[in-house]
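Here is a set of short exercises with worked solutions. Try each task in your viewer before you read on.

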Amino acid sequence: MIEAKIKSVQCLSPAGLHHMAYKEWGEADNPNVLVCVHGVTRVSDDFDNLARALAADFRVVCPDVVGRGRSGWLRNPQLYRVPQYVSDMVTLLARVLADGERQSVAWFGTSMGGLIGLGLASLPDSPVERLILNDIGPTLAPEALQRIGDYIGQDLRFPSFEAGAKFIRDVSQTFGEHSEREWYKLASDVLRQDKDGQWIRHYDMGLALPFRSATPESAKADEAMLWAAYDAVRCPTLLVRGADSDLLSRETAAIMAGRGPKAQLVEIAGVGHAPTFTHEDQIAIARRFLLGR
């Protein structure tokens, strides 16, 4: 079985240095690089199946965004925002890409990972040449954002792995149908045992602070900036929407298909926020787009 190498890179924020861990799949000299970035409370391990399936065609790089998984935490939690994440990804790409060579970079971003990719792809001279946005766009339903913000900020501790896994499964039902083994992995990837033997989630509870400090005015300004970024994207773009998504509306997806990069739109039935791309039928959607077929 193909396995990943776990590496890390040092990044900079206004509050100081931090490290960002990442998993790397495939041949180190492959000039075709695919970066896969997870959602707000998930980790790089979410892409294990997708990365194995594409490792023959790409060097697949899957970071744990700062504050999560194997990565360090920020000293100032108010910096847990897209601009800092984009800055970290620029540092990651400087590590991953060969010196002085123009390499092809494709981006697969689920939810928050899609917003990071959108920010990076919108910049002049961006290395991103193909972009997949997985159930995310510039306009997001306020009720869903509230739900996610409330979920992030719950400092929960579970007496057993089984209790923690049940919680993860209960709050992840919108991912769609998965086998018992797949639910186990989805839970084990994001649960950690603390020094007292309690099972906790893998991330810095400070991630909730930017959500709590948001106002209607700041949300409106953020949406305007995201639409401006989307309109600045020039690379081929695929928008994947869970047909039952409560975060990305069908109306917003239709608008995205008609402006900016005019994303190709695919909806996945029986799934809300967000498709996991664990199963072969979903992986095939990404493969066809990334390989230009």
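Helices and strands are DSSP runs numbered from the N terminus, a helix having at least four residues and a strand at least two. With that in hand, the place of F277 is the loop between β10 and α10. Please keep in mind that this is a predicted model.

**Exercise 1. Backbone outliers**

Task: find which residues other than glycine have a positive phi, taking F277 and K262 as the cases to work through, and say whether each is buried or exposed.

Solution:
1. Start from the background: most residues other than glycine have a negative phi, and most peptide bonds are trans.
2. Phi of F277 is near 55°, a positive value.
3. Because its relative accessibility is 1%, under the 20% cut-off, F277 counts as buried.
4. K262, in the loop between α9 (250-258) and β10, has a positive phi of about 50° and is not a glycine either.
5. K262 has 55% relative accessibility, over the 50% cut-off, so K262 counts as exposed.
6. For the peptide bonds, look at the step from H273 to A274: this bond is cis, with omega near 5°. A274 is found in the loop between β10 (264-268) and α10 (280-290).

**Exercise 2. A pair of helices**

Task: describe how helices α5 and α6 are placed relative to each other, and list what meets where they touch.

Solution:
1. Two packed helices are described by the angle between their axes and the distance between the axes.
2. The axes of α5 (residues 161-171) and α6 (residues 180-188) come within 9 Å and cross at roughly 100°.
3. Angles of 65 to 115 degrees count as roughly perpendicular, so α5 is roughly perpendicular to α6.
4. On the α5 side, the residues in contact are F161, A165, I168 and R169; on the α6 side they are E180, W183, Y184, L186, A187 and S188.
5. Sorted by class, this contact has seven nonpolar, one polar and two charged residues.

**Exercise 3. The nonpolar cores**

Task: identify which residues have the most contacts inside the largest nonpolar core, then follow the chain to helix α3.

Solution:
1. The general trend is that in soluble globular proteins, nonpolar side chains tend to be buried together.
2. Here the largest nonpolar core has 63 residues, and W107 and I116 have the most contacts inside it.
3. Leaving out residues up to four places away in sequence, W107 touches L34, V35, V37, M89, G113, I116, G117, L120, V128, R130, L131 and I132.
4. There is also a second, separate core of 25 residues, with W25, A51, A106 and V271 among them.
5. Now turn to helix α3 (residues 112-121), which is mostly covered, with ten of its ten residues buried. Among these buried residues are G113, I116, G117 and L120.
6. The cover over α3 includes β3 (32-37), α2 (82-96), β5 (104-110), β6 (128-134) and α8 (216-232).

**Exercise 4. Two polar side chains in one loop**

Task: work out whether H38 and D45 are buried or exposed, and which polar partner each side chain has.

Solution:
1. H38 lies in the loop between β3 and α1, and D45 lies in that loop too, with α1 spanning 48-54.
2. H38 counts as buried because its relative accessibility is 0%, and D45 is buried at 7%.
3. A polar atom of the H38 side chain lies 3.0 Å from the backbone nitrogen of V65.
4. The side chain of D45 makes a polar contact of 2.9 Å with the side chain of R70.
5. Beyond four places in sequence, D45 is in contact with K23, R70, K185 and D189. For H38, the corresponding contacts include V43, F47, P63, V65 and M112.

**Exercise 5. Two residues of one strand**

Task: decide whether K5 and V9 are buried or exposed, and what each touches.

Solution:
1. K5 is found in strand β1 (residues 5-13), and V9 lies in β1 as well.
2. K5 counts as exposed, at 54% relative accessibility; V9 counts as buried, at 4%.
3. Setting aside neighbours within four places in sequence, K5 is in contact with Y22, K23 and E24.
4. On the same basis, V9 touches H18, H19, M20, Y22, T91, L92 and R95.

Terms used:
Residues are numbered from 1 along each chain as its sequence is written. This is a predicted model: local features need pLDDT of at least 70, side-chain atom pairs count only at pLDDT 80 or more; totals for chains, interfaces and linings use all residues. Side-chain values use heavy atoms; hydrogens and water are left out. A nonpolar core is a set of buried Ala, Val, Leu, Ile, Met, Phe, Trp, Tyr and Cys residues joined through side-chain atoms within 4.5 Å. Buried means under 20% relative accessible area, exposed over 50%, partly exposed in between (1.4 Å probe, protein chains only). Contact means heavy atoms within 4.5 Å. Axes are lines fitted to C-alpha atoms, for helices over the stretch in contact, and angles run from 0 to 180 degrees between N-to-C directions. Angles under 35 degrees count as roughly parallel, over 145 as roughly antiparallel, 65 to 115 as roughly perpendicular and the rest as oblique. Ala, Val, Leu, Ile, Met, Phe, Trp, Tyr, Cys and Pro count as nonpolar, Asp, Glu, Lys and Arg as charged, and the others, Gly among them, as polar. A polar contact is a pair of N or O atoms within 3.5 Å; within protein, one must be able to donate a hydrogen and the other to accept it, and residues adjacent in sequence count only if both atoms are side-chain atoms.
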